[in-house]
Amino acid sequence: MWRDLLPIGRHRGSGGYRRFAWTAADTDCRAWFKAQAEARGLSFELDRNGNQWAWLGDPLAGDAVVTGSHLDSVPDGGAFDGPLGVVSSFAALDELRRRGAEFARPLAITNFGDEEGARFGLACVGSRLAAGQLTVDKAHELRDADGVSLPEAMERAGQDPGTIGPDPERLARIGAFVELHVEQGRALDLSGDPVGIASAIWPHGRWRFDFHGEANHAGTTSLEDRRDPMLSYAATVLAARQQARLAGALATFGKIAVEPNGVNAIPSLVRGWLDSRAADQGTLDTVIAGIEAAAHEHADRDGIDLSITRESFTPVVEFQHALRDELAKLLGGAIPVLGTGAGHDAGILSASAPTAMLFVRNPTGISHSPAEYAAEDDCVAGVVALADVLEGLACR
Ligand code: GLV
Ligand code: MN
Ligand code: MN
């Protein structure tokens, strides 16, 4: 499976993946998923929001055990974030068949669309739409950096955008959803375990800061006469780090757009996107309030017009204890349970169905980078753990 998947969307220069929603690379990933489903005699379904499903058993029977993840990536992402969950799902099904397992519940493998939100700015678009956590109107407003709207992009990729919207009937068929994912930290490396179970996902969100100043000549405008939005932006980045450090939270400006983006021009606009996460909502609110106050203070001082827009927010997710405990029992009890600051479709779906996650050790903890890695032995341990879980949940 990896041999066919690894070349798709891989950038020669960086070695990272650029598999953005509804691009050619995404289409190729989707074709790969469909081929894997067909090779195993599974019935393939593309849902109204562009999520892919591969079914063993009757999709309409209900109480299905569903496993899977996503195939899209962040800009220059690693090979494992997303794909490890999908590859492991197919491999776990192969393992169950090798064991001669008899299925008592339908089983489905999924590829949820646009999990990373790299192109349109909002993460987990496929699962959010299905779960009714993103309205159709808001989805229609989403645009990529070139101004292409989500419906236009879907249409160009051959997916009908006219059908997008809540899909409660389909989600009601899920009895349990289990997502396997590469760990995005070093907890398992430090504890010496190949596999762990997720406890919770931190509340997290994305905020857009628009600093409007005045374009002018870099070589002739005195410092006193400038309204330079880069200054306010830079001060805000430092304030974000300080607020996050004080609160024991995380705050990152990882994306920036500058206009006119000329080396010899004072910018007219600096637009920066803040990603911030904390263990609890109160802490996150405090951090955001602190960063916003600092941004306004600096903008006022620098003569800059500032507007701040919250583009997305995901509240804390505590994975269902009953399913978590069942996974731990199926895996022999002595398995680490860890929280994460990373968002996942399993978190979005937790409002609609019992969900759980398995993490596979990442020896460096690096993720959202071409250096993301998991050892083959650990990936195999992940597949065996997922097979054990699916067998316990879905088989006689
Ligand atoms: C998804 O990986 C996220 O947490 O940004
Ligand atoms: Mn990710
Ligand atoms: Mn992921």
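Let me start with one residue, tryptophan 22: at 11% relative accessibility it counts as buried, because the cut-off for buried is under 20%. Before going on, please keep in mind that this is a predicted model. Where in the chain does tryptophan 22 sit? Tryptophan 22 is found in the loop between α1, residues 2-5, and α2, residues 24-39. There is something else to notice about its backbone: tryptophan 22 is not a glycine, yet its phi is positive, at about 65°. To put that in context, most residues other than glycine have a negative phi, and most peptide bonds are trans.

Let's step back to the whole chain. How many helices and strands does the protein chain have? You can look for 13 helices and 15 strands. The radius of gyration is 22 Å, close to the 21 Å that the globule rule gives for 396 residues, so the chain is as compact as a globular protein of that length. If you draw a box around the C-alpha atoms along the principal axes, that box is roughly 80 × 45 × 40 Å.

What about the inside and the outside? Of the 396 residues in the protein chain, 54% are buried. The accessible surface comes to about 16700 Å², and carbon and sulfur atoms account for 51% of that. Now think about contacts between residues with a separation of 6 or more: 77% of them join residues 24 or more positions apart. As for charge, the chain carries 36 positive and 55 negative charges, and the mean positions of the two sets are 3 Å apart.

Now for the metals. Which residues coordinate the manganese ion that is ligand 2? They are Asp81, through OD, Glu116, listed twice through OE, and His368, through NE2, at 2.0 to 2.8 Å. Along the chain, these donors follow the spacing D-x34-E-x251-H. Aspartate 81 lies in the loop between β3 (64-69) and α3 (83-98), and histidine 368 in the loop between β15 (355-360) and α13 (376-394), so the pair ties together parts that are 287 residues apart in sequence. Are these two residues buried or exposed? Aspartate 81 is buried, with a relative accessible area of 6%, while histidine 368 is partly exposed at 41%.

Let's turn to the manganese ion that is ligand 3. Its protein donors are His70 (NE2), Asp81 (OD) and His181 (NE2), lying 2.0 to 2.2 Å from the ion. The spacing here reads H-x10-D-x99-H. You have met Asp81 already: aspartate 81 coordinates both manganese ions, ligand 3 and ligand 2, which are 3.6 Å apart. Histidine 70 and aspartate 81 are 11 residues apart, each placed in the loop between β3 and α3. How accessible is histidine 70? Histidine 70 is buried, and its relative accessible area is 0%.

Next, come with me to another loop, the one between β9 (250-259) and β10 (265-266), where proline 260 has its place. Glutamate 259 and proline 260 are joined by a cis peptide bond, with omega at about 0°. Asparagine 261 lies in the loop between β9 and β10 as well. Asparagine 261 is not a glycine, but its phi is positive, at about 70°. With a relative accessible area of 60%, asparagine 261 is exposed.

My last stop is helix α9, residues 229-247, where you will find valine 237. Valine 237 is partly exposed, at 29% relative accessibility. Its C-alpha atom is 8.8 Å from that of alanine 295, and the two residues are 58 residues apart along the chain. Alanine 247 also lies in helix α9, and at 31% relative accessibility alanine 247 counts as partly exposed. Which residues does alanine 247 contact, leaving aside its neighbours within four places in sequence? The answer is Thr283 and Val287. Leucine 331 is 84 residues from alanine 247 along the chain, and their C-alpha atoms are separated by 35 Å.

If you take one picture away with you, let it be aspartate 81, buried at 6% and coordinating two manganese ions that are 3.6 Å apart. Thanks for listening!

Conventions
Residues are numbered from 1 along each chain as its sequence is written. Chains are lettered from A and ligands numbered from 1 in the order in which they are written. This is a predicted model: local features need pLDDT of at least 70, side-chain atom pairs count only at pLDDT 80 or more; totals for chains, interfaces and linings use all residues. Side-chain values use heavy atoms; hydrogens and water are left out. Helices (H or I, at least four residues) and strands (E, at least two) are DSSP runs, numbered from the N terminus. The radius of gyration is taken over C-alpha atoms; the globule rule is 2.2 Å times the number of residues to the power 0.38. Buried means under 20% relative accessible area, exposed over 50%, partly exposed in between (1.4 Å probe, protein chains only). Contact means heavy atoms within 4.5 Å. Accessible areas come from the Shrake-Rupley method with a 1.4 Å probe; for residues, only the protein chains shown count as cover. Lys and Arg count as positive and Asp and Glu as negative; His and the chain ends are not counted. The place of a charge is taken as NZ of Lys, CZ of Arg, CG of Asp or CD of Glu. Donors are N, O and S atoms within 2.8 Å of the metal (3.2 Å for Na, K and Ca); water is not among the atoms, so sites may look incomplete.
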